[in-house]
Amino acid sequence: MSTAPAPGPRDSKPSPPDRPKPKPALIFDDPLDQQSADDTDRGWGERAPAGDSAADLARFLDEKPPHHI
């Protein structure tokens, strides 16, 4: 009789499993403390100020109400 352990699956070390990345931690900040896109002019579709009179005229003509035609 031999005293050596029988070869088997217990002899080989299993490779570490591929673990998924951990989920981001929960954030318990007040969401009303942060500025949303709707709080800005850009969120409402406003253009960035160009600063010249030609851009002002183009904006006026683009946004002129129908009763001003």
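This dialogue goes through a few features of a predicted model.

Student: Where should I start, and how many helices and strands does the chain have?

Tutor: Start with the secondary structure. In this predicted model, the chain has one helix and zero strands. Helix 1 covers residues 53-62, and Leu61 lies in it.

Student: What percentage of the residues in the chain is buried?

Tutor: A residue counts as buried when its relative accessible area is under 20%. Of the 69 residues in the chain, 0% are buried. The accessible surface of the chain is about 7600 Å², and carbon and sulfur atoms account for 57% of that surface.

Student: Which residues make a nonpolar surface patch?

Tutor: Leu57, Phe60 and Leu61 make one of about 300 Å². Patch residues need over 30% relative accessible area. Leu61 has a relative accessible area of 47%, so Leu61 is partly exposed.

Student: Now charged side chains. How many salt bridges does a search of the whole structure find?

Tutor: The general idea is that side chains of opposite charge can pair when their charged atoms come close. Here the search of the whole structure finds one salt bridge. Glu63 forms a salt bridge with Arg59, and their closest N and O atoms are 3.3 Å apart. The cut-off for such a pair is within 4 Å.

Student: Are Glu63 and Arg59 buried or exposed?

Tutor: Partly exposed is the class between buried, under 20%, and exposed, over 50%. Glu63 has a relative accessible area of 46% and is therefore partly exposed. Arg59, at 34% relative accessibility, also counts as partly exposed.

Conventions: Residues numbered from 1 in each chain as written. Predicted model: local features only at pLDDT ≥ 70, side-chain atom pairs only at ≥ 80, totals over all residues. Heavy atoms only, no water. Helix = DSSP H or I, 4+ residues; strand = E, 2+ residues; numbered from the N terminus. Buried < 20%, exposed > 50% of the residue type's maximum accessible area, 1.4 Å probe, protein only. Areas by Shrake-Rupley, 256 points an atom, 1.4 Å probe, with all protein chains shown as cover. Patch = residues over 30% accessible without salt bridge, like charges linked within 9 Å, V, L, I, M, F, W, Y side chains within 5 Å.
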